[in-house]
2 protein chains.
Amino acid sequence: MNYNINSVGRQIPESIPGIGKLVPFKGEGNYLRTENKTGAKIRYGQRDERKLLSSIEEAVKKSGLSDGMTVSFHHHMRNGDYVLNKVFDVIHELGIKDLTLAPSSLSPCHDHIIEYIKDGTITGIQSSGLRGKLGEEISKGILKTPAIIRSHGGRARAIEDGELKIDVAFIAAPSCDEFGNINGRTGNSACGSLGYGIVDAIYANCVVAITDNLVEFPNLPASIGMKYVDYVVKVDQIGDPTGIVSGSIRFNDNPRDLLIAQNALKAIVASGLYKEGFTFQTGAAGSTLAVARLLLDKMKKDNVKASMALGGITGYMVKMLEEGYVDGLMDTQSFDLDAVRSIRENEKHFEISASDYANPNNPTPAVNTLDFVLLGALEVDTDFNVNVITRSDGVINQAVGGHQDTAPGAKMSLILAPLVRSRNPIVLDKVTTVCTPGESVDVICTDYGIAVNPNRGDLIEKFEKAGLETIDIKELQKKALELTGKPEEIKFSNDIVAVLEYRDGSIIDVIRKEA
Amino acid sequence: MNYNINSVGRQIPESIPGIGKLVPFKGEGNYLRTENKTGAKIRYGQRDERKLLSSIEEAVKKSGLSDGMTVSFHHHMRNGDYVLNKVFDVIHELGIKDLTLAPSSLSPCHDHIIEYIKDGTITGIQSSGLRGKLGEEISKGILKTPAIIRSHGGRARAIEDGELKIDVAFIAAPSCDEFGNINGRTGNSACGSLGYGIVDAIYANCVVAITDNLVEFPNLPASIGMKYVDYVVKVDQIGDPTGIVSGSIRFNDNPRDLLIAQNALKAIVASGLYKEGFTFQTGAAGSTLAVARLLLDKMKKDNVKASMALGGITGYMVKMLEEGYVDGLMDTQSFDLDAVRSIRENEKHFEISASDYANPNNPTPAVNTLDFVLLGALEVDTDFNVNVITRSDGVINQAVGGHQDTAPGAKMSLILAPLVRSRNPIVLDKVTTVCTPGESVDVICTDYGIAVNPNRGDLIEKFEKAGLETIDIKELQKKALELTGKPEEIKFSNDIVAVLEYRDGSIIDVIRKEA
């Protein structure tokens with residue numbers, strides 16, 4: 001096998017059977033394409049054809065799904081999803097083989113499909129994440145073709161540019177009418193935004209809506225319009241509501257997370273980006289949620305208002321919107337019941353697709369309008385590279401999500417992480433897997449101090465002026481090692497189990513099987 | 001020149017210089033394509049590039065517009081539009097030549113561009129309509145390449161399938177933020193739905209928003225999102241509000257129109273399609289508006305409710321929505337101030353694109369969900385073909401609009417027309433120009449009786465059962481001739497000035513220069 005070394009120093013094979021030629025990552029903005037986007041298959045609208053079918057089996061048959069094709073699912077049902085497993089039970093029953101499964105992400109509830117990988121029903125997976133036992137098994141190499149891991153923006157780009165061609169998209173639909181007007185706002189399985197599913201519905205050659213809530217036509221507003229949908233299937237349940245959205249995502253008063261969050265807030269204020277009309281994204285993880293809470297307190301005190309909050313939306317953002325501390329929310333994914341209610345009730349809580357959110361090959365993906373973003377990390381290294389996909393033992397168990405997209409998009413990206421987690425150092429010499437390149441990671445906030453990327457001289461200056469103490473990343477690493485001792489090195493074989501795409505389609509890293 | 005005779009008996013040249021090979025019309029649903037849709041040029045989102053430019057001239061230059069390219073505009077500014085003329089003044093000033101102008105439609109206010117056709121700035125036009133002096137001049141053959149006339153659905157199809165490639169779309173934006181989030185809901189030039197502009201923004205290789213109402217980011221809800229928009233230009237005024245929307249479109253009690261409307265209502269009731277949950281489209285013309293009023297009266301009396309009203313939306317439909325007589329409106333075009341207010345306030349008044357509305361190459365364009373549609377006509381003939389584009393003297397002065405799309409989409413299409421207009425017979429042996437083929441025209445309601453297409457035996461039976469008197473179309477024609485005398489035959493030359501596409505891309509007729 002011949003290799004190229006990419007711009008973050010990783011060995012990338014020239015090509016991989018079943019995937020093809022790999023373009024090594026060359027740095028943000030250096031792998032541009034100028035051809036045209038692609039589109040779905042043209043389907044003439046048969047006026048009197050009834051879309052409503054009696055079973056998933058009928059839909060799979062009518063969709064023309066056959067060996068070697070690619071199917072997609074959105075992950076708005078999260079760990080409560082029933083649809084993906086149900087569809088694969090049917091596909092397996094029908095004896096269709098060699099499929100590529102290309103969902104926007106996967107959750108532990110999808111461990112069920114391990115058997116379908118082992119029996120050749122599924123031979124390729126392309127996803128933002130792989131979790132649970134499925135991640136472990138894929139890390140052992142059970143998949144015929146290595147998995148392709150893409151960010152949310154990278155996936156939207158791959159679909160729109162024609163790199164990822166979806167033959168059949170199965171759309172879990174919390175509400176749907178007989179013609180296929182879909183939204184995620186009502187029903188037992190309401191999930192709020194359908195941001196990921198929208199891209200699939202527009203670009204797939206065939207779209208099957210699967211709903212447990214068939215409502216009267218017209219189901220308005222439609223997040224996915226009937227013009228995209230070929231078939232509608234009614235089932236008893238598309239998901240477990242408790243797994244789809246949290247009742248309420250709240251910060252639990254973990255003192256370490258609070259300390260990290262306080263450091264992050266200091267950095268935000270010192271950066272000068274915190275001012276009237278600012279824009280931001282926080283995640284739904286412990287310390288980033290804590291920042292959201294601290295930030296709102298500070299905004300109230302200072303009477304500073306934001307213009308836009310982006311991303312996965314939680315009750316904190318909804319509170320800001322409803323109290324007038326942010327003018328609008330752009331929502332690709334609604335995390336809790338407050339967010340679902342808000343997107344239903346408030347037109348300033350605006351549903352956007354994954355392409356609107358983060359596709360780098362659009363004039364303005366929403367991530368490009370961010371002042372700052374708060375992100376997590378499994379590992380960071382002294383080059384500021386971030387790993388959010390593999391555990392310290394090299395096993396895939398998380399997701400890239402919007403990490404790779406928001407970090408370069410925002411004027412300042414902040415990584416929030418403890419210095420040590422479960423006795424493993426988080427700041428390392430080299431991360432196990434590079435997901436987000438150091439060039440777009442600006443600030444690392446830990447419980448032991450704040451490190452700033454030396455390529456951000458402007459920020460270093462601002463932090464100094466503001467009297468904000470920072471620490472060299474190498475000092476952080478040293479501290480981490482003092483606390484944990486040198487971690488045991490994992491030995492990897494040459495067998496590649498997954499390829500990690502950068503959002504532009506080049507390859508930023510590969511994941512190898514443990515030796 | 002070699003010709004083919006198409007399925008409505010019209011002579012269609014095999015090809016035309018500047019347009020290419022022409023496919024003769026073969027009947028609805030008989031010219032299907034199975035390739036994939038196209039897409040816009042991939043544009044990498046430069047994070048720090050400022051979109052807001054200081055002038056239209058700067059935008060035209062940055063867009064890369066050059067000789068031979070195609071530019072588009074939407075027609076939501078209707079006869080109040082300032083944008084198209086302003087942009088062409090700049091283009092002319094810059095000396096760019098040989099452009100194809102491909103707006104969704106044109107109004108009399110665009111007579112201004114006649115000089116730019118004469119001097120070679122514009123050498124091709126593709127539009128749903130041509131009116132006023134511009135229509136007259138084009139009918140005389142001033143355009144280098146014959147005009148292409150498409151329906152609203154046909155245009156969306158042509159754009160999505162790649163037949164009509166837009167190099168630069170100029171989007172008149174009643175409200176817009178600095179990143180290009182656009183809607184038509186607020187501002188002095190508010191026009192309501194931006195249904196036609198949405199398709200252009202998605203598929204054009206470069207998109208320039210021109211606004212007189214630059215609002216704070218984020219402008220939500222965005223009808224056209226910032227991901228599509230390359231540049232934003234602020235100007236003083238994009239249109240004359242009085243020309244954009246009517247204060248209120250109301251039926252003026254013309255007794256002839258009322259008689260026609262009463263006949264139409266009888267046909268609707270007799271058809272059996274008038275029942276709980278029905279769907280319909282009416283236009284904004286005299287007699288179709290009268291039907292809307294009569295229909296609402298009847299619905300109130302019978303306590304029958306509709307599920308959906310489609311199309312160009314007027315205050316009548318808004319009234320129905322607000323009084324609970326229709327569950328939802330799907331709006332490609334808002335005709336009056338009530339409609340603009342309603343689309344802003346009510347999420348059940350839902351904005352749809354021209355592609356959602358009528359692109360035949362989608363699984364379900366909204367027209368396919370119609371029970372009945374009310375349409376006008378300049379002429380009909382004894383084969384039920386309808387002309388909505390040329391006057392009886394052969395001059396182009398109207399628009400195809402959604403006529404060709406709704407007629408085959410709806411379960412019953414009703415043409416409302418007086419038997420005689422300005423001393424010209426409306427029912428003829430052969431229409432001057434076939435816009436909508438007789439096969440999809442079901443019922444013709446005149447002030448002298450109702451004619452039913454013989455291919456609709458089911459309707460004839462229902463009308464008979466209901467005791468609704470009908471008249472043979474040939475009898476209608478005879479009556480018309482008795483009233484007007486035989487009209488003088490116009491002599492046409494062989495010079496083709498316009499090509500009339502069917503919605504599927506085949507050619508249903510050509511328009512020739514008067515001899």
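These legends describe close-up views of a predicted model.

**View 1. Chains A and B are related by a two-fold axis.**
Two copies of a chain are related by a rotation about an axis and a shift along it. Here a rotation of 180 degrees, with 0.0 Å of shift along its axis, superposes chain A on chain B. The RMSD is 0.0 Å. That is the relation of a two-fold axis. In chain A, the C-alpha nearest the axis belongs to A:Thr38, at 2.6 Å from it. Of the interface residues of chain A, 100% are also interface residues in chain B, so the copies meet through the same surface.

**View 2. Ten strands of chain B form an open sheet.**
The strand order is 5-14-13-10-6-7-8-9-28-29, and the pairing is mixed. Strand 5 (52-53) and strand 29 (507-514) of chain B stand at the edges. Each has a single partner strand, so one side of each is left without a neighbour in the sheet. Within the sheet, strand 8 (residues 122-127) and strand 9 (residues 147-149) of chain B pair in the parallel sense over two bridges. B:Gln126 has B:Ile148 in strand 9 of chain B as its bridge partner.

**View 3. Helix 1 and helix 2 of chain B meet strands of the ten-strand sheet.**
Helix 1 (residues 56-63) of chain B packs on the sheet. Helix 1 of chain B touches strand 5, strand 10 (168-173), strand 13 (207-211) and strand 14 (231-234) of chain B. Its direction makes about 165 degrees with that of strand 14 of chain B. Helix 2 (residues 83-94) of chain B lies across strand 6 (70-73), strand 7 (99-101), strand 8, strand 10 and strand 13 of chain B. Helix 2 of chain B runs at about 155 degrees to strand 6 of chain B.

**View 4. Two cis peptide bonds of chain B involve B:Pro218 and B:Pro221.**
A cis peptide bond joins B:Phe217 to B:Pro218, with omega about 0 degrees. B:Pro218 sits in the loop between strand 13 and strand 14 of chain B. The bond from B:Leu220 to B:Pro221 is also cis, with omega near -5 degrees. B:Pro221 lies in the loop between strand 13 and strand 14 of chain B.

**View 5. Helix 1 crosses helix 2 in chain A.**
The axes of helix 1 (residues 56-63) and helix 2 (residues 83-94) of chain A come within 10 Å. They cross at roughly 65 degrees, and the crossing is right-handed. Helix 1 of chain A contributes A:Ile56, A:Glu57, A:Val60 and A:Lys61. Helix 2 of chain A meets them with A:Lys86, A:Val87, A:Val90, A:Ile91 and A:Leu94. By class, this contact of helix 1 with helix 2 of chain A has six nonpolar, no polar and three charged residues.

**View 6. Eight strands of chain A form an open sheet, and helix 10 packs on it.**
The strand order is 18-17-16-15-19-22-26-27, with mixed pairing. Strand 18 (349-351) and strand 27 (449-452) of chain A are the edge strands, and each pairs on one side only. The twist averages 20 degrees from one strand to the next. Strand 22 (residues 412-416) and strand 26 (residues 443-446) of chain A pair in the parallel sense over three bridges. A:Leu416 stands opposite A:Cys445 in strand 26 of chain A. Helix 10 of chain A touches strand 15 (278-281), strand 16 (306-313), strand 17 (326-334) and strand 18 of chain A. The direction of helix 10 makes about 155 degrees with that of strand 17 of chain A.

**View 7. Helix 9 packs with helix 10 in chain A.**
The axes of helix 9 (residues 286-302) and helix 10 (residues 315-322) of chain A come within 10 Å and cross at roughly 15 degrees. Angles under 35 degrees count as roughly parallel. Helix 9 and helix 10 of chain A are therefore roughly parallel to each other. Their crossing is left-handed. Helix 9 of chain A brings A:Leu289, A:Ala292, A:Arg293, A:Leu295, A:Leu296 and A:Met299 to the contact. Helix 10 of chain A brings A:Tyr316, A:Met317, A:Lys319 and A:Met320. The contact of helix 9 with helix 10 of chain A divides into eight nonpolar, no polar and two charged residues.

Key:
Residues numbered from 1 in each chain as written. Chains lettered and ligands numbered in written order. Predicted model: local features only at pLDDT ≥ 70, side-chain atom pairs only at ≥ 80, totals over all residues. Heavy atoms only, no water. Axes fitted to C-alpha atoms, helices over the stretch in contact; angles between N-to-C directions. Helix = DSSP H or I, 4+ residues; strand = E, 2+ residues; numbered from the N terminus. Parallel < 35°, antiparallel > 145°, perpendicular 65-115°, else oblique. Left-handed = near helix turned anticlockwise from the far one by under 90°. Contact = heavy atoms within 4.5 Å. Nonpolar A, V, L, I, M, F, W, Y, C, P; charged D, E, K, R; others polar. Pairing = 2+ DSSP bridges. Least-squares fit on C-alpha atoms with pLDDT ≥ 70 in both.
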